Amino acid sequence: MKKIIAAFDGLKLSTGTMDYAIHIAKSYNAHLVGIFLDDYTYSGYGYGELLARAEEKNIMQLLDEADRLKRKAAADRFTTQCREAAINFSVHHDRKIAMKELLHESIYADLLIIDRKESFGNGEELQPTGFIHDLLADVHCPVLLVPGKFIPPVKNIILYDGSPSSVYAIKAFDYVMQPFKHLETEVVSVKATASSLHVPDNMLMKEFMKRHFPKAVFTVLKGSAEETIVTFLLQQKEEVMVILGAYQRNRVSRWFKPSMADMLVQQTKLPLFVAHN
């Protein structure tokens, strides 16, 4: 049994995160932990609202109580959904700095599931949010970035460029997401126009994949990696899950550098399984 953690902002509950997490935990007979990041520095109201209602008696206490009740309702909803799904689960309320708490929790998890738009802030942010960007750089386990609406995956697309990071992501996916390794799987590489149609490290890669995803098919595209991959993925159906290696601070893969990971979050709506070595 594996341990899956799902990160939630109790003030803006992501049903996508909850539905993906419960579906995967049930498929895997895994233990699911709902991490409710009740960051004491973050509230559901801003200074503008506080100033506008400054004349109301005990307004801060009232707003804080409203936040508390909203967070409780979110955790209660998660609990109810898990019980109805008959899965093993628990709930953690982390009340310190959200990023620090989530990174610490990720040390002891096999997979982290989180909404790709999560920000733990009140304002609108461009994707990837600062929170997601920093999380991907420092997290200690694979991450599944999910859209707001749950769609059961029917196909895996593995992005492979020959880098250790992209191969590590395949290993991590095989280990963590075994119920989904039997889905249709396509390995996609991008090469320069003048290059051959062989995938990088062709013999070694196919020998490796035969042991992990024996029915996988290989596709080699020509062109610029960033533009070609985004165009390719935009043509896919919503039932696709994308697997890729990602960057760490001061260790950038030659292909999946920050601009590639950012572009996939910005321009696609597919769930992204992200792992770095």
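## Aromatic pairs

Rings of Phe, Tyr and Trp, the last represented by its six-membered ring, are taken as a pair if their centres lie within 6.5 Å, and by this rule the count comes to 9 aromatic pairs. The model in which they are found is a predicted one.

One of these pairs joins phenylalanine 36 and phenylalanine 78, whose ring centres are 5.8 Å apart and whose planes stand at 70° to each other, an edge-to-face arrangement. Because phenylalanine 36 belongs to strand β2 and phenylalanine 78 to helix α3 (residues 59-85), the pair ties together parts that are 42 residues apart in sequence. Phenylalanine 36 is buried, its relative accessible area being 0%, and phenylalanine 78 likewise counts as buried at 0% relative accessibility. Both rings belong to one aromatic cluster, formed by Phe8, Phe36, Phe78 and Phe89.

## The sheet and helix α1

An open sheet of 10 strands, with mixed pairing, follows the order β3-β2-β1-β4-β5-β10-β9-β6-β7-β8. Its edges are taken by β3 (88-94) and β8 (217-222), each of which has a single partner strand, so one side of each is left without a neighbour in the sheet. On average, and with direction ignored, neighbouring strands of this sheet are turned by 25° against each other.

Within this sheet, strand β1 (residues 3-8) and strand β4 (residues 111-115) run parallel and are joined by 3 bridges; isoleucine 5 has leucine 112 in β4 as its bridge partner. Helix α1 (residues 15-28) lies across β1, β2 (31-37), β4 and β5 (143-146), and its direction makes an angle of about 170° with β1.

## Nonpolar cores

The largest nonpolar core has 45 residues, and those with the most contacts inside it are Leu32, Ile113, Leu144, Met177, Met209 and Phe273. Helix α1 gives the most to this core, contributing 7 residues. When residues up to four places away in sequence are left aside, leucine 32 touches, among others, Ile4, Ala6, Ala21, Ile22, Ala25, Phe78 and Phe89. A second core, separate from the one around leucine 32, has 43 residues, including Ala98, Phe131, Leu233 and Val242.

## Lysines over phenylalanine rings

Two further contacts bring a lysine over an aromatic ring. The charged end of lysine 181 sits over the ring of phenylalanine 213, at 5.6 Å from its centre, while lysine 206 lies over the face of phenylalanine 218, 5.2 Å from the ring centre.

Conventions. Residues numbered from 1 in each chain as written. Predicted model: local features only at pLDDT ≥ 70, side-chain atom pairs only at ≥ 80, totals over all residues. Heavy atoms only, no water. Pairing = 2+ DSSP bridges. Helix = DSSP H or I, 4+ residues; strand = E, 2+ residues; numbered from the N terminus. Axes fitted to C-alpha atoms, helices over the stretch in contact; angles between N-to-C directions. Contact = heavy atoms within 4.5 Å. Core = buried A, V, L, I, M, F, W, Y, C linked by side-chain atoms within 4.5 Å. Buried < 20%, exposed > 50% of the residue type's maximum accessible area, 1.4 Å probe, protein only. Phe/Tyr/Trp six-rings, centres within 6.5 Å; stacked < 30°, edge-to-face > 60°. Lys NZ or Arg CZ within 6 Å of the ring centre and 35° of its normal.
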